[in-house]
Amino acid sequence: MSLVIYNTLSREKEPFVPLQPEHVRLYVCGPTVYDYVHIGNARPVVAFDVLYRMLKRSYPRVTYVRNITDIDDKIMTRAAENGETIDALTNRTAQAYQSDMGRLGALAPDVEPRATAYVGEMVSLIKRLIERGHAYAADGHVLFSVPSMPDYGRLSRKPRDELIAGARVEVAPYKKDPADFVLWKPSTDVQAGWPSPWGRGRPGWHIECSAMSAAHLGETFDIHAGGLDLIFPHHENEIAQSRSAFGHAIMAKYWMHNGFLNISGEKMSKSLGNFFTVHELLDQYPGEAIRLLLLSAHYRQPLDFTHEGLQASKATLDRWYGFLRGKAIAEVAVPQSVEEALSDDLNTPQAIAAIHQLDDPAQLRAGARALGLLQEDAEAWFRWTPAGSTGPSDVEIETAIAARQAARKAKDFKESDRIRDELKAKGVILEDGPKGTSWKRG
C-alpha cells in the first residue's frame, strides 16, 4: 500500500514518491539545547519516529537527520547564568535530550549533526548567496535579501506585511529591506564566535539547518518536518537560503508539520504553572505511556496533554502487556489494518483503534511496534515504579509471594489472603494462573 502524506507546501494530501526510489531522505528540526526539553518538543520526535519506522519497512535505504542547535543566544545567556562553559552546558543538555527521547521509544536518527561542527559549511553557503546576489554584507552582518526571491512566502502563504510583522524583524539601518533576515552576525569578545570574511561572529539560526541538511542529504531531498511553529520564519527562510544558493525549484519535496500541544486545554506556560519537561514526566510515568498519549491525536491536530490522559494510556498498555504476558510470540508482519491507517498521512488514532481490535498476540505486538509501543518485556513493564516510590522492592514482593504459596500449600488460606491483601494495599496486585502467581504494580 502506498503512503499518502499532507504536504504543507501544497496544502493537500499527496502520494509519497521519493526523489530516488531506493533512498529516502528525511530531515527533522531538533532542539536548541540549553535546558531539559519540554513535552511539546517531544511531539515531533515521536510523530516522525513513526514515519521513520514506516519508511524503513518500505524502502531499502532511509537516511534520517535530526539536528542539535548548540549555537544560540539563549545558550550563551544560560551558560553565563549557570557559571559553566557553553560546551559543558550543551553537552549535558544534549545527552539528556538523547536519553529522554530514547526512553520515549524514539529510534536514534542516522545522523545527529551539531551546529558548531558545521560553521565552515555555513560560511561557504553564505558566501555563495552573496555571489549569487541573494545576500549582502553590512556593518559586520550578512543578510538575506528577501526581494531577490520572487516567490518568498510560498510555504507560509502570508502577504508581505504579515511576513514582516510575523518575523518580529529587527529594525536596523544596515537593512536594505525590512524583511531581510540575518545569516551572520558579529560577536563580542565574550560571546561565542568564529572567524569569517565579515569578521568574528556567529551564524543566524536559519542558515544552520540549510547547511546541515545539504551536508548530509544533498541540495534537494524528500521530506522536511518539524512543528507548526517553524513554518514561519524558520522553514520559510531555510527554503529561501537553500533554493537561492543551489538554484533548485525545491529544497524538500514534502513539508510535514505537527500541531500544537496544550496542557489541560491551555497553552503550556511557566507563568501558568503547567510547563512540563520530558525529564520530569519520565519520573512519574513510563515512557511508552507518554508516547501513546502523544500518538492519540493525529499529528497535524492539536493535542491536549493531561495527567488523566497519561493514566488512561498506561491502563491501555497494562491491558496490552497483560495479553502478551507469559506467551511465546512469533515475529509477524504489521497487520494490514494498522499499515493502512498509517499509510493515510500517519493516522495514528485509527491505527490505535485497529490495534484494539486485534485478538492475536503476535499481531497485537507487531501492530503496536509499528507505533514504537510494546517494546519492553511484559514482566519488566509491570515492575516499573515512579521515582521516589515507597512501595515494596521486587525482592520483598517475591519473598511475600513465596510465603503466600507456603501458606496455601499448608491450607492456611487466612494467612494467604492476608498476604495478598497486604500487597494490594501497597499497590501490588497478584494474579494466580496455571503457571503460578504473577504480579504487577497497580
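**Exercise 1. The whole protein**

What percentage of the 442 residues in the protein is buried? Work it out, then describe the overall build.

*Solution.* Keep in mind that this is a predicted model. Step one: a residue counts as buried when its relative accessible area is under 20%. By that cut-off, buried residues make up 51% of the 442 residues. Step two: list the building blocks, which are 16 helices and 15 strands. Step three: look at the extent of the C-alpha trace, which spans about 90 × 55 × 35 Å along its principal axes. Step four: turn to the surface. About 19,900 Å² is accessible, and 51% of that area belongs to carbon and sulfur atoms.

**Exercise 2. The nonpolar cores**

Find the residues that touch the most other members of the largest nonpolar core, and the helix that gives the most to this core.

*Solution.* Start with a general idea: in soluble globular proteins, nonpolar side chains tend to be buried together. Here the largest nonpolar core has 71 residues, and Ile39, Ile290 and Phe305 touch the most other members. Helix α1, residues 39-58, gives the most to this core, with 11 residues. Now zoom in on Ile39. Leaving aside residues up to four places away in sequence, its contacts include Leu261, Met268, Val278, Ile290 and Phe305. Finally, look for a second, separate core: this one has 42 residues, among them Cys29, Phe144, Met149 and Leu183.

**Exercise 3. A run of strands**

Trace how strand β6 pairs with β5 and β7, and say which way its side chains point.

*Solution.* Begin with β5 (residues 135-138): 4 bridges join it to β6, and the two run antiparallel. One of the pairs to look for is Ala137 with its bridge partner Val142. On to β7 (residues 181-186), which 3 bridges join to β6, again antiparallel. Here Leu143 stands opposite Val182.

For the side chains, recall that in a regular strand they alternate between the two faces of the sheet. In β6, His141 and Leu143 point one way, Val142 and Phe144 point the other way, and all are buried.

**Exercise 4. Two positive phi angles**

Is Asp139 buried or exposed? Is Leu374 buried or exposed? Compare the settings of these residues.

*Solution.* The background is that most residues other than glycine have a negative phi. Asp139 has a positive phi near 55°, and Leu374 has a positive phi of about 55°. Next, locate each residue. Asp139 is in the loop between β5 and β6, a hairpin with 2 residues between the strands. Leu374 lies in the loop between α13 and α14. Last, check the accessibility. The cut-off for exposed is over 50%, and Asp139, at 61% relative accessibility, counts as exposed. Leu374, with a relative accessible area of 0%, is buried.

**Exercise 5. An enclosed helix**

Why is helix α13 described as largely enclosed by the rest of the structure?

*Solution.* Count first: 7 of the 9 residues of α13 (residues 361-369) are buried, so the helix is largely enclosed by the rest of the structure. Then name some of them: the buried residues include Pro361, Leu364, Arg365 and Gly367. To finish, find what they pack against: α10 (307-324), α11 (336-343) and α12 (348-356).

**Exercise 6. An unusual peptide bond**

Which peptide bond, with omega near 5°, is cis?

*Solution.* Most peptide bonds are trans. Follow the chain to the bond from Phe232 to Pro233, which is cis, with omega near 5°. Then place Pro233: this residue lies in helix α7 (residues 231-246).

Definitions and conventions. Residues numbered from 1 in each chain as written. Predicted model: local features only at pLDDT ≥ 70, side-chain atom pairs only at ≥ 80, totals over all residues. Heavy atoms only, no water. Core = buried A, V, L, I, M, F, W, Y, C linked by side-chain atoms within 4.5 Å. Buried < 20%, exposed > 50% of the residue type's maximum accessible area, 1.4 Å probe, protein only. Contact = heavy atoms within 4.5 Å. Areas by Shrake-Rupley, 256 points an atom, 1.4 Å probe, with all protein chains shown as cover. Pairing = 2+ DSSP bridges.
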